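Student: Could we go through this model together, asking of each label what earns it?

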Amino acid sequence: MLTAPPAPPGPGGATVDEVDRRILELLEGDARLSARAIARQIGMSPGAVSERIERLQVRGVILGYHAQVNPDVLGFGVAAIVCVETDQGPALTEMLDRLMELPAVERAHVVSGRWDVLVHVRVRSQAELRDLIV
């Protein structure tokens, strides 16, 4: 029986085969799936699936698992991207550190172009967003 060769290593050097890809796809869809549930879906033993998941974790392909929280239900229904222009170098690093201390800041991306940083924020209201920006 002929099989396709394994995929070439990604940028980090890790190679994954089709079974690993399917396991990753299932875990990305629901990180709470058990090895037994994954095994049923891909036709392998739970032990073999567990070993593959452990190898993917050790190799750094799987970085972790998380709960996806609905911010709207918690009252944080306003999401915004705030564009920031600042000085480069130490001032930028200091500003990023200070931004990430703010509870409303979900993440910040350094970008090129007119703006230096795109800041993703989540707040309760337009008034709170205005207060954050001002």
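Student: What makes strand β2 (residues 105-110) and strand β3 (residues 117-123) a pair?

Tutor: Two strands pair if DSSP finds at least two bridges between them, and β2 and β3 are joined in the antiparallel sense over five bridges, so the definition is met. V110 has V117 of β3 as its bridge partner, and in the hairpin, with six residues between the strands, G113 takes a positive phi near 115°. This is a predicted model, in which local features need pLDDT of at least 70 and side-chain atom pairs count only at pLDDT 80 or more, while totals for chains, interfaces and linings use all residues. Residues are numbered from 1 along each chain as its sequence is written, and side-chain values use heavy atoms, with hydrogens and water left out.

Student: Why is α1 called oblique to α2?

Tutor: Helix α1 (residues 18-29) and helix α2 (residues 35-42) pack at an angle of about 125°, with their axes 11 Å apart. Angles under 35 degrees count as roughly parallel, over 145 as roughly antiparallel, 65 to 115 as roughly perpendicular and the rest as oblique, which is why α1 is oblique to α2. The contact (heavy atoms within 4.5 Å) involves V19, R22, I23, L26 and L27 of α1 together with I38, Q41 and I42 of α2.

Student: How do you know whether R52 is buried or exposed?

Tutor: Buried means under 20% relative accessible area, exposed over 50%, and partly exposed in between, with a 1.4 Å probe and protein chains only; R52 has 16% relative accessibility and therefore counts as buried. R52 lies in helix α3 (residues 46-58) and, leaving aside residues up to four places away in sequence, touches D17, V19, D20, I23 and M44.

Technical notes: Helices (H or I, at least four residues) and strands (E, at least two) are DSSP runs, numbered from the N terminus. Axes are lines fitted to C-alpha atoms, for helices over the stretch in contact, and angles run from 0 to 180 degrees between N-to-C directions.
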